[in-house]
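New to this one? Here is a quick tour to read alongside the sequence and the 3D view.

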Amino acid sequence: MAFRFRHSIRVVPGVRLKSGKRGITLSDTVRAQALYDHDQSLYGNITMPSAGLTYRTRFDNSRAHQHRAFQRKQQQKQRELLYTAETGQFKSLRIDPKQLRVTLSDQGGLQLMLLDGRQLTDEEMSTLWDAHPQLLRGWLDEQAALINGDIAEYIDLYQEAPAVDTKVPCYLPAAFPDPEPLRPDLLKLPAEPVYPQPPAVRLWHRLIPGRQQQLVRAHQQAVHEWQTAKLRWKAETHQARSAADRARQRYKAYTSVWKARKAAHDTEQSVYAEQFVTLLMTDEGLMTEVLIAELEQLDWPRETLVDFQLDLDRKQVWLDLDLPVVDSIPLKSAQVASGGQSLQLKSKSEAQRDQEYARYTHGVVFRLLGVLLASLPAIDEIIISGYTQRTNQQTGFEQDEYLLSVRVQRQAFSELNFAALDQLDPVIVLAQFIMRREMDSDFHFSAIKPFEPGQD
């Protein structure tokens, strides 16, 4: 489709197990680090490295997000079992697990079939469950995920919307990158050679011919060696003292330069801190990059196109959101049965699927409203329009059709009780705002014409 707005991003699907990173282009005067002034245990960092801008977000650390992240980690561990010693060979049956095809029976039981088409018997399956319960449970969970679809975990996405009064980014000065010069080690001088003592001449030394002379010559040799060592010691001591003096002089010089540079850095950061609050309220470039970073940090069940633009004169954000098709909601649901060795399958009616689809589409819009208003304190109104792809009955080609378009004022949105979002229905909540939506009592959407910039 031809995007209506200036900025367009494609958000990849998945649960963000780690903080995302992206680039940002800002002038040197706003190269800074910022964070959300919240408990660090609850918030993940978003870094925009080309500008050194770092701030902290809580928008995707809800209980639902943590549950999804935990589920993803568990699934990853279960997949890794395929490459561990446990899965190297089913020793009890002499079967390579990589040669098995996993399916489900109509009753939700796990079925394993060899490449030659032979299905494992109930006795063989029982043996495998006893020997490799974690691996088979992992396969069972994967089958449940295939049945439930990607969107199943996101039906109640609206409950992750942050409150409007969530604290906005506040500036945190960047640490001075250069380490402080190391103080030189204490002066260590070599030990001074000790003058050799003259030998004591005893009576028996005089009785042995030539013994006294030997002692005198040995002492003379020791004195000579001492004199040589003394000269060497004086030279080494002089060198050590000179080197220590030079090291102290370098340390003083380097420390003086380092302190001056650090003071200049700290002063510069203080200026940035004063500018940052203003720029977050007035600089469209900074606000755009913060918005893009927040959108990319959120959990998304599928690849999603988002295009938007900011209108600072009217304090508005206009955003178009690519919604999934209704067929993304499966007509069956699956969960592991109480016994842990089969799935409990439930069928959904088309009406139930349509209701879940309506709940998801309104929920994702609701979450975006909260994220945008909490991220951009200068914005007073958000206009979000959601569209999806449908087949044109006249041409047979797919085309984009808008399903809903809503205008929400900051003040009105802030009056909702964010402490009890689980008690709210996003379909009903969004209807109280200025909204264009053609949806019947069975939750079937008809195409609408979205709000356009410049319309009041």
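Of the 456 residues in this protein, 41% are buried. Keep in mind as you look around that this is a predicted model. Its secondary structure comes to nine helices and 15 strands. Taking the contacts with a separation of 6 or more, 70% are between residues 24 or more positions apart.

**The largest nonpolar core**

- Start with the largest nonpolar core, which has 53 residues.
- Leu319, Leu321, Val365, Phe366, Ile384 and Phe413 are the residues with the most contacts inside this core.
- Several elements give two or more residues to the core: on the helix side, helix 6 (284–297), helix 7 (350–375) and helix 9 (426–431).
- The strands that do so are strand 1 (7–11), strand 8 (304–311), strand 9 (316–322), strand 12 (381–391) and strand 13 (398–409).
- Helix 7 provides the largest share of the core, with eleven residues.
- For a look at one spot, pick Val365: leaving out residues up to four places away in sequence, Val365 touches Leu321, Ile384, Leu404, Val406 and Leu430.
- As general background, nonpolar side chains tend to be buried together in soluble globular proteins.

**A second core**

- There is also a second, separate core of 15 residues, and Leu110, Leu120, Ala144 and Leu343 are among them.

**Helix 2 against helix 3**

- Helix 2 (residues 122–131) packs against helix 3 (residues 133–148) at an angle of about 110°, and their axes are 5 Å apart.
- Helix 2 is therefore roughly perpendicular to helix 3, since angles of 65 to 115 degrees fall in that class.
- On the helix 2 side, the contact is made by Met125, Leu128, Trp129, Asp130 and Ala131.
- On the helix 3 side, Pro133, Leu136, Arg137 and Leu140 take part.
- Sorted by class, the contact of helix 2 with helix 3 has seven nonpolar residues, two charged ones and no polar ones.

**Zooming in on Met125**

- Is Met125 of helix 2 buried or exposed? Met125 counts as buried because its relative accessible area is 7%, and buried means under 20%.
- Not counting neighbours within four places in sequence, Met125 is in contact with Leu110, Leu112, Leu120 and Leu136.
- Met125 and Leu112 are 13 residues apart in sequence, and their C-alpha atoms are 8.0 Å apart in space.

**Aromatic rings**

- How many aromatic pairs does the structure hold? There are ten aromatic pairs.
- In one pair, Phe413 and Phe433 have ring centres 6.3 Å apart and planes at 40°, so the pair is tilted.
- Phe413 sits in helix 8 (residues 410–414), while Phe433 is in the loop between helix 9 and strand 14 (434–439), so the pair ties together parts that are 20 residues apart in sequence.
- Both rings belong to buried residues: Phe413 has a relative accessible area of 0%, and Phe433 comes in at 10%.
- Phe413 and Phe433 also belong to one aromatic cluster with Tyr158, Phe366 and Phe418.

**A buried glutamine**

- Gln269 lies in helix 5 (residues 211–282).
- With a relative accessible area of 4%, Gln269 is buried.
- Setting aside residues up to four places away in sequence, Gln269 touches Tyr171, Pro173 and Ala174.

Notes
Residues are numbered from 1 along each chain as its sequence is written. This is a predicted model: local features need pLDDT of at least 70, side-chain atom pairs count only at pLDDT 80 or more; totals for chains, interfaces and linings use all residues. Side-chain values use heavy atoms; hydrogens and water are left out. Axes are lines fitted to C-alpha atoms, for helices over the stretch in contact, and angles run from 0 to 180 degrees between N-to-C directions. Helices (H or I, at least four residues) and strands (E, at least two) are DSSP runs, numbered from the N terminus. Angles under 35 degrees count as roughly parallel, over 145 as roughly antiparallel, 65 to 115 as roughly perpendicular and the rest as oblique. Contact means heavy atoms within 4.5 Å. Ala, Val, Leu, Ile, Met, Phe, Trp, Tyr, Cys and Pro count as nonpolar, Asp, Glu, Lys and Arg as charged, and the others, Gly among them, as polar. A nonpolar core is a set of buried Ala, Val, Leu, Ile, Met, Phe, Trp, Tyr and Cys residues joined through side-chain atoms within 4.5 Å. Buried means under 20% relative accessible area, exposed over 50%, partly exposed in between (1.4 Å probe, protein chains only). Rings of Phe, Tyr and Trp (its six-membered ring) pair if their centres lie within 6.5 Å; planes under 30 degrees apart count as stacked, over 60 as edge-to-face and the rest as tilted.
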